[in-house]
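Work through the exercises below with the sequence and the structure in view. Try each task before reading its solution.

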Amino acid sequence: MNDKLKQIVAEASKVFILTDENVAPFWLPETEYWLGCKNAVEIVIKPGEKHKTLQTVQRIWKTLMRHYADRNALLVNLGGGVITDLGGFAASTYKRGIKFINVPTTLLGMVDAAIGGKTGIDFGGAKNQIGTFAEAEEVIIDPFFLETLPTRELLSGLSEMLKYGFVADAKLLETSIENYQDYVLRAGEIKRGIVAQDPYEAGFRKILNFGHTLGHAIESHCLTTDYPLLHGEAVALGMAGALWLSVKQCGLDEQVLKDFEEKLPMLLSEAEISLSEVDIEPILGYLVHDKKNKGEKPQFVLLEAVGKPVWDVEVEPERVKMALQYVIKLSCQ
Ligand SMILES: NC(=O)c1ccc[n+]([C@@H]2O[C@H](COP(=O)([O-])OP(=O)(O)OC[C@H]3O[C@@H](n4cnc5c(N)ncnc54)[C@H](O)[C@@H]3O)[C@@H](O)[C@H]2O)c1
């Protein structure tokens, strides 16, 4: 345990650990042990996105109150992005904010969700509608936690790592299921660097949304079907679409797209995908309602070259539809 963490724990009036039912049996006792917090109050919630709700936050607030958590209490968020988003939100609002640390246990959490200060919950049927910007005191990255993570979840995180390769550092495009551990810290560093330049997403930080415009729409649509996709899987398809658009609209070298086409089957190898022409209209419907749009036209992050992203790019609806047709064809291969 590093000195800063030791100090944060030592200064806390009481320590609470938030985790979910999948993570708890593997990692809760271990975490209490290495934090030196055998008397921590455990808050174990049901796993999954459908519990990233105000109801769960209320349960966390109530537990904090029941145990007389004061302004110097500490919340440790031990889990994937659902836990760090939820816990960060609960901590940043309880008594106008108590300290929290993130201990991500998924690859997606380690390279993305646990870093950068965005917290939130889903509300009114839409993702991340309510939230705060609040920085964790410390984010503990230890790939050891990934030993128990299902392969499908690992692959989902891998897509986000490749995203950093496209928008920031071509080295990350070498990431694979065999070598991802070598790039975890670098990926986190890239995210921190981007967030530091634009903490509140006024402009530059939007490059982190590469692949997410189409990706979110595909994810939202698939959630309503019998074949839901994980976030990273939908982002992988979204990146394919964004690369296709980048070739057509921004002069991106077509080889970049071709190389990604070869990686896609690996990224989607654990997913069940059942997309066809009939899915195009509903997916386009989600695109129009994306909260990141300015008007009716969807805004994309595209690439002029690897490491040269452009953001707020408007794309004609007909071309968006063609990109989606391309993605759907690709997903059937
Ligand atoms: N705040 C941000 O900047 C940001 C960025 C990206 C994503 N997110 C959010 O992150 C969430 C997705 O995160 P996720 O992919 O980590 O999903 P998740 O938190 O749902 O975790 C995925 C699954 O893996 C299980 N799990 C976690 N760690 C495990 C381990 N070590 N061993 C075994 N099982 C384990 C969980 O119980 C869950 O079933 C979404 O809600 C998304 O909105 C936030």
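## Exercise 1: Two domains

The C-alpha centres of domain 1 and domain 2 lie 29 Å apart. This is a predicted model, in which local features need pLDDT of at least 70 and side-chain atom pairs count only at pLDDT 80 or more, while totals for chains, interfaces and linings use all residues. Residues are numbered from 1 along each chain as its sequence is written.

Task: State which residues make up each domain, and how many residues of each are in contact with the other.

Solution. Step one: domain 1 covers 3-147, and domain 2 covers 151-179 + 203-331. These bounds come from an automatic or database domain assignment.

Step two: six residues of domain 1 are in contact with nine residues of domain 2. Contact means that the C-beta atoms of two residues, placed from the backbone, lie within 7 Å.

Step three: on the side of domain 1 that touches domain 2, four residues are nonpolar, one is polar and one is charged. Here Ala, Val, Leu, Ile, Met, Phe, Trp, Tyr, Cys and Pro count as nonpolar, Asp, Glu, Lys and Arg as charged, and the others, Gly among them, as polar.

## Exercise 2: The open sheet

Task: Give the order of the five strands in the open sheet, and explain why strands E2 and E7 each have one side without a neighbour in the sheet.

Solution. Step one: the order is E2-E1-E3-E4-E7, with parallel pairing. Strands (E, at least two residues) and helices (H or I, at least four) are DSSP runs, numbered from the N terminus. Two strands pair if DSSP finds at least two bridges between them.

Step two: E2 (41-45) and E7 (138-139) stand at the edges, each with a single partner strand, so one side of each has no neighbour in the sheet.

Step three: take one pair inside this order. E3 (residues 74-79) and E4 (residues 99-104) run parallel and are joined by six bridges. Leu 78 stands opposite Val 103 in E4.

Step four: add the helices. H2 (residues 24-35) lies across E1 (15-20), E2, E3 and E4, and runs at about 160° to E1. H3 (residues 54-66) also packs on the sheet, where this helix touches E1 and E2 and makes about 165° with the direction of E2. Axes are lines fitted to C-alpha atoms, for helices over the stretch in contact, and angles run from 0 to 180 degrees between N-to-C directions.

## Exercise 3: The ligand shell

Task: Which residues come nearest to the ligand, and which domains supply its shell?

Solution. Step one: there are 30 residues around the ligand, of which Asn 22, Pro 47, Gly 80, Gly 81 and Thr 106 come nearest. A residue is near a molecule if its C-beta atom, placed from the backbone, lies within 6 Å of it.

Step two: domain 1 and domain 2 each give at least three residues to the shell.

Step three: H4 (81-93), H5 (107-113), E6 (126-133) and H6 each supply at least two residues. By class, the shell has nine nonpolar, 13 polar and eight charged residues.

## Exercise 4: A hairpin

Task: How do strands E8 and E9 run, parallel or antiparallel?

Solution. Step one: E8 (residues 299-305) and E9 (residues 308-314) run antiparallel, joined by five bridges.

Step two: Phe 300 stands opposite Val 313 in E9, and Leu 302 opposite Val 310.
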